[in-house]
Amino acid sequence: MTTNTNVLTIEGAAARLCVSVGALRARLRRGTGPKPFRMGDSQRLFWRKQDLDAWIDQQAREQGAAYADVMTDPGNVIEVPARRRPGRPRKN
């Protein structure tokens with residue numbers, strides 16, 4: 001039997017996406033994750049590496065577009081006060 005290195009199980013897909021298996025399952029339930037497929041009559045879920053990479057690229061484009069929209073609108077500028085340095089207060 002030969003193994004196809006382009007097909008990943010849920011564990012491999014989660015590792016490739018840098019998320020836990022539970023997080024990937026949650027995305028599947030919500031319908032927001034990459035679409036899996038089944039081979040034959042198997043109940044196991046599989047992903048192709050190129051499909052995962054395409055999904056990652058799509059997410060990056062969508063996030064980048066949303067970030068660009070926020071950054072180009074001058075009304076979205078928020079003044080952030082300077083942070084005080086942590087530590088014990090000094091005696092005067």
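Me: Where is the place of L45?
Reply: This is a predicted model, and in it L45 sits in the loop between α2 (21-30) and β2 (47-48).

Me: Why does L45 count as partly exposed?
Reply: Its relative accessibility is 23%. Buried would need a value under 20% and exposed one over 50%, so L45 lands in between.

Me: Which residues does L45 touch, not counting those up to four places away in sequence?
Reply: With those left out, you get L8, T9, I10, L28, P36, F37 and R38. Take I10 from that list: L45 and I10 are 35 residues apart along the chain, yet their C-alpha atoms are separated by 6.4 Å.

Me: F37 is in there too. What makes F37 and F46 a tilted pair?
Reply: Two checks. The ring centres are 6.3 Å apart, and pairing asks for centres within 6.5 Å, so F37 and F46 pass. Their planes stand at 40°. Stacked would take under 30 degrees and edge-to-face over 60, so tilted is what remains. A search of the whole structure turns up 1 aromatic pair.

Me: Is F46 buried or exposed?
Reply: Buried: F46 has 12% relative accessibility, and the cut-off is under 20%. Its ring partner F37 comes in at 28%, so F37 is called partly exposed.

Me: How many salt bridges does a search of the whole structure find?
Reply: It finds 2. One of them joins the side chains of R16 and D53.

Me: Why is the contact of R16 and D53 called a salt bridge?
Reply: The N to O distance is 3.0 Å. The rule wants a side-chain nitrogen of Lys or Arg within 4 Å of a carboxyl oxygen of Asp or Glu, so this Arg and Asp qualify.

Me: What parts does the pair of R16 and D53 tie together?
Reply: R16 belongs to helix α1 (residues 10-17) and D53 to helix α3 (residues 49-72), so the link joins parts that are 37 residues apart in sequence. Both ends are partly exposed: R16 has a relative accessible area of 35%, and D53 has 29%.

Me: And how do you know that R48 forms a salt bridge with D51?
Reply: By the same reasoning: the closest N and O atoms of R48 and D51 are 3.1 Å apart, and the limit is 4 Å, so the pair counts. As for exposure, R48 has a relative accessible area of 36% and D51 one of 31%. Each value falls between 20% and 50%, so both residues are partly exposed.

Technical notes:
Residues numbered from 1 in each chain as written. Predicted model: local features only at pLDDT ≥ 70, side-chain atom pairs only at ≥ 80, totals over all residues. Heavy atoms only, no water. Helix = DSSP H or I, 4+ residues; strand = E, 2+ residues; numbered from the N terminus. Buried < 20%, exposed > 50% of the residue type's maximum accessible area, 1.4 Å probe, protein only. Contact = heavy atoms within 4.5 Å. Phe/Tyr/Trp six-rings, centres within 6.5 Å; stacked < 30°, edge-to-face > 60°.
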